[in-house]
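This report walks through selected features of one structure, moving from a whole chain to a helix pair. Please keep the sequence and the 3D view at hand while reading.

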Amino acid sequence: MATVQGHRLTYRYRERQRLTVKRVLRSLLYSLFLIFHPNDAFWDLKYERRGNVPAASIILGLVVLGYIFTRQSLGFIFNPVDLTKLNIVTEMASVLVPFFLWCIVNWSLTTLMSGKGTLRDIYIASAFALTPLIIVNIPVTIVSNVLILEEGPFIAVLAVMATLWSGLLLFIGTMVTHEYDTTKTAFTCVLIVAGMTAVLFLAILFFSLLNQAYVFAKSVYREILFR
Amino acid sequence: MRPKVACITAIIIACAWVVCVPAGAVQYRNYNYDFWGEAVPSPQAYILKRVITGNDLGVGALKEPMDIFVREGLGIFLLDTGNSRIICLDEDWNVIRVINDFEREGVKEKLNRPLGLFVTAEGHIYVACQGDERVVVLDQEGRFVRQIGRPQTDIEGLIPDGFVYRPAKVVVDQARRTYVLATDQYEGLLEFDVDGNFKGFIGAPQVRPSLADYIWRKIATKRQRERMGLFLPTEFTSIDLDEIGFIYATVPPGDSGRYDAIRRLNPSGEDVLRRQGFHPPIGDVAFPPQWTRASVWGPSIFVDIAARENDVYSALDGKRGRVFTYDGQGNLLFVFGNTGDYRDAFSNPVAIDTIGREIVVLDSGAKCVKVFRPTEYANAILSAIECYGSGKYDESTRLWERVLEMDANCDLAYQGIGQSLLVQDRFREAMDYFKLGNDRVGYSEAYGHYRREVAADYFGFIVLFVFVCLLAVYLCVRYEVFSKLDRMLMDEEDQDIGYRTGPQTDIQV
């Protein structure tokens, strides 16, 4: 009995699926189901092989593109960005850096806290959780071009709704992926955010020290050179 | 050969430089602030016309002059604090008389440390004398009229205990109410009625402790708290009166700046200044903060302000020697001035006033008065504002276009043209100009009108488009398009696994 179960589990979890275009498309289509039925769908995403890395990466790419599109093309009345200074690399980083930081810190912490998800599972679940950002923000950005100042709250409400929706999905995604209960997930999420801050702080500290070391080495080199 | 070429080139460049620098050019780059708070180059707005010292006037050197006041029709009044005298001049800077002392009840008296000066339309000179705690009123010939002494009141608690009265500036409105700005006085301006009776304080600046201050206060012990400084409202630095009797007042900004460094107080003491420009009227928007190595850091500190025609006002920044001119909406029109030792810079500017469109700045450090005349650029802007205010939109547009020829960075000019086009119902063009001028509000208004026009033309298409969208959504739901798509994309391998959910289905014996 145990062997059979073990065999099936091995079959389910370990065996690599053949990745076909069809599968990726089907996975993408599944994201539309996921945003309305997160509890079931995150489970299937992990255990029924409905999610895969290429699909998650496509969603993440769309989120990045959507973000850039929003910053670039939001109606003039609502757009506070200086378009002459809009840097596409900075804009991409402002989505990707927090996202990967979330994934990595999530994995680092849940590994220690008996979470059931692998880094791959976390990546897929987190990326799929961002789907509402795409399907709300892009149409809102287009519509914002035909709105006037008095209709601005409409945009703000939708944008906030999309963010909250994604936040909730991220929460449920973490919960289902690691098979946690609500309290533990909430606690973990707080820890993850704290961890992200700590990592950022350390990164800044590291680069600052690296810079100082470089400056020191350079001045020593100069001193020797001019002596 | 080489050195020769270099030498000739250098000479040519030197000559070209001498030729190219136009007469009246100044030593610094003029600028204005754009929508994003960045300084952008801007043409020179005001040029030094003349410098007037005490010796030029033939009254001997000035000593620590503190105030200047111009009253159209009556002349210019210069308060020479160090010499305790008032120099009365006509509008061509000829001395009419010098008031050194006056006779009060048969006794000759001098002004003791006079700091502020105001002249009413009838020609009464009000002088705030810090040394002897009073405001002296003289007539034009320098004869004593009356004086307003220390505030007296029957109301308990209105005047705080240990009150030290040190009047510094004074203004008198059309109803002949006197407002006195006193140094080290946190309750606001002192208001006196026609007869010189004290009525109360108005317009006290609000206290706004920062969050950090607040938290420190909370966690400090009682004894620590006693030793901390009190949260006192900042005092005003200077006041001026506008055409309709409202008071322009300047407030020191603190280390990090405040949005209400300039206030316009109505007779009940409320701040009614409009702050609808890109940035509130605070002088320099971008400045080095405290922790940089810049020798001059922190926000502008206004030391004096002059109300002008059409709600325009000019404020003098004592820290960097700059004069900032704003319109009635709070848009920064232009900036000029600098600190330094050359002729058109200031060493310690203390007071500002205007003669028509000319600006006079009293430089206490250089002991002289510097008169600046507007350039064509400044004149065009001021005229455009005047024309718009009096409803001459065509003329206003023409002037703003003239401004744009001189300064393509002038957002205000684009906005001005946009406003005129909006009034003429030319919405599409107005939108373009508002966009160039970064005016979101104006653009929104023009766009609202334009949208209505376009929507009326394409009403049928819009309705059709919305209908098609709704129909598409309905059909997708009705015929389960997504489920069908899903099934279509399913592989055989997937079909083998099927749709089961939950791990319990995995366990098969």
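## Chain B and a helix pair in chain A

In chain B, residues 24 or more positions apart account for 45% of the contacts with a separation of 6 or more, two residues being in contact if their C-beta atoms, placed from the backbone, lie within 7 Å. The model is predicted, and local features need pLDDT of at least 70, side-chain atom pairs count only at pLDDT 80 or more, while totals for chains, interfaces and linings use all residues. Residues are numbered from 1 along each chain as its sequence is written, and chains are lettered from A and ligands numbered from 1 in the order in which they are written.

Chain B has 12 helices and 27 strands, where helices (H or I, at least four residues) and strands (E, at least two) are DSSP runs numbered from the N terminus. Of its 509 residues, 35% are buried; a residue is buried if 20 or more other C-beta atoms lie within 10 Å of its own, exposed if 12 or fewer, and partly exposed in between.

The domain assignment divides chain B into domain 1 (42-374) and domain 2 (399-457), with bounds that come from an automatic or database domain assignment. The centres of these domains, taken over C-alpha atoms, are separated by 38 Å, and 4 residues of domain 1 of chain B are in contact with 4 residues of domain 2 of chain B. On the domain 1 side, the touching residues comprise 2 nonpolar, 2 polar and no charged, with Ala, Val, Leu, Ile, Met, Phe, Trp, Tyr, Cys and Pro counted as nonpolar, Asp, Glu, Lys and Arg as charged, and the others, Gly among them, as polar.

Two loop residues of chain B have positive phi values without being glycine.

| Residue | Phi | Loop between | C-beta neighbours inside 10 Å |
|---|---|---|---|
| Trp93(B) | near 65° | strand E6 (85-89) and strand E7 (95-99) | 17, partly exposed |
| Arg113(B) | about 50° | strand E9 (107-110) and strand E10 (114-119) | 16, partly exposed |

In chain A, helix H4 (residues 53-73) packs against helix H7 (residues 131-144) at an angle of about 25°, with the axes 9 Å apart. H4(A) is therefore roughly parallel to H7(A), a label for angles under 35 degrees. Among the residues that meet are Ile59(A), Leu62(A) and Phe69(A) in H4(A), and Leu133(A), Ile134(A) and Ile138(A) in H7(A). By class, this contact has 7 nonpolar, 6 polar and no charged residues.

Notes
Axes are lines fitted to C-alpha atoms, for helices over the stretch in contact, and angles run from 0 to 180 degrees between N-to-C directions. Angles under 35 degrees count as roughly parallel, over 145 as roughly antiparallel, 65 to 115 as roughly perpendicular and the rest as oblique.
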